[in-house]
Amino acid sequence: MKWRDIDLGEAFWRVPAVDTKNDRGNVVPLSGPVLALLKDLPRFGPYVFSSDGKTHLQSFAKIKQRLDRFVALQHEIEPWRLHDLRRTAATHMVRLGNSTEVVGRVLNHAPTGVTAKVYALHEFVPEKRHALDVYAIALEEALK
């Protein structure tokens, strides 16, 4: 995530195609809690999350191992992967009443079928904003 791709005023993260696995750009609406977090972060380089101001955060495997050790001391949980966070978010956005089509657009999955690919070029920005706002509210409630 780069600062140049974030519009705090409009509450959007515009992910360029070059930064995605599927070469498809995505407009990600920012929920209130995410917007508040971003507004409070210091800016010391092009990346939103950086340890040195020059490169993005790295070593997620090492961080995950440390987290696993910490959690193992506190609770017994099944092994998990970082990708499970994405799956969990998608599952709960659907559980909260959002369509799988909208959640797929949040996740930047490629649309299927000729209508979705060629004719219906709507970017689902309002629908994505709603899905992410409802999910943010549910997360805040769960953390109380």
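How many salt bridges does the structure hold? The structure, a predicted model, holds five salt bridges; one of them is shown in the last of the views described below.

**Figure 1. Overall fold of the predicted model.** The secondary structure of the protein chain consists of six helices and three strands. Along the sequence these elements follow the pattern β-β-β-α-α-α-α-α-α. Taken along the principal axes, the C-alpha atoms of the protein chain fill a box of roughly 50 × 35 × 30 Å.

**Figure 2. The open sheet of three strands.** The strands are arranged in the order β1-β2-β3, with antiparallel pairing. Strands β1 (6-7) and β3 (26-29) form the edges of the sheet, each pairing on one side only. In a regular strand, side chains alternate between the two faces of the sheet.

**Figure 3. The hairpin formed by β1 and β2.** Two bridges join β1 to β2, and the two strands run antiparallel. Asp7 stands opposite Phe12, a residue of β2. Four residues lie between the strands of this hairpin. In the turn, Ala11 has a positive phi of about 60°.

**Figure 4. Pairing of β2 with β3, and the helix that lies across them.** Strand β2 (residues 12-15) is joined to β3 by four bridges, and these strands run antiparallel. Arg14 has Val27 of β3 as its bridge partner. Helix α6 (residues 125-142) lies across β2 and β3 and runs at about 40° to β3.

**Figure 5. The largest pocket and its lining.** About 1,900 Å³ of space lies in this pocket. Its lining comprises 41 residues, of which Met1, Trp13, Leu85, Arg86 and Leu107 are the closest to the pocket centre. The elements that give two or more residues to the lining are β2, β3, α1 (32-40), α3 (83-95) and α6. Helix α3 gives the most, with seven residues. By class, the lining of the largest pocket divides into 26 nonpolar, nine polar and six charged residues. Helix α6, which lies across β2 and β3, is thus shown here together with both of these strands among the elements that contribute to the lining.

**Figure 6. The second largest pocket and its lining.** The volume of this pocket is about 240 Å³. It is lined by 14 residues, and Arg24, Gly25, Arg105, His122 and Glu123 lie nearest its centre. Strand β3 and helix α5 (114-119) each supply at least two residues of the lining. Five nonpolar, four polar and five charged residues make up the lining of the second largest pocket. Strand β3 also gives two or more residues to the lining of the largest pocket.

**Figure 7. The salt bridge between Lys2 and Asp19.** The closest N and O atoms of Lys2 and Asp19 are 3.6 Å apart. This pair links distant parts of the chain, with 17 residues of separation. Lys2 belongs to the segment before β1, whereas Asp19 lies in the loop between β2 and β3.

How values were computed:
Residues numbered from 1 in each chain as written. Predicted model: local features only at pLDDT ≥ 70, side-chain atom pairs only at ≥ 80, totals over all residues. Heavy atoms only, no water. Pairing = 2+ DSSP bridges. Contact = heavy atoms within 4.5 Å. Axes fitted to C-alpha atoms, helices over the stretch in contact; angles between N-to-C directions. 1 Å grid on protein atoms, 1.4 Å probe; cavity = no way out; pocket = protein on both sides within 12 Å on 5 of 7 lines; lining within 4 Å. Points joined across faces, edges and corners; volume = space filled by probe spheres on them. Nonpolar A, V, L, I, M, F, W, Y, C, P; charged D, E, K, R; others polar. Salt bridge = Lys/Arg side-chain N within 4 Å of Asp/Glu carboxyl O.
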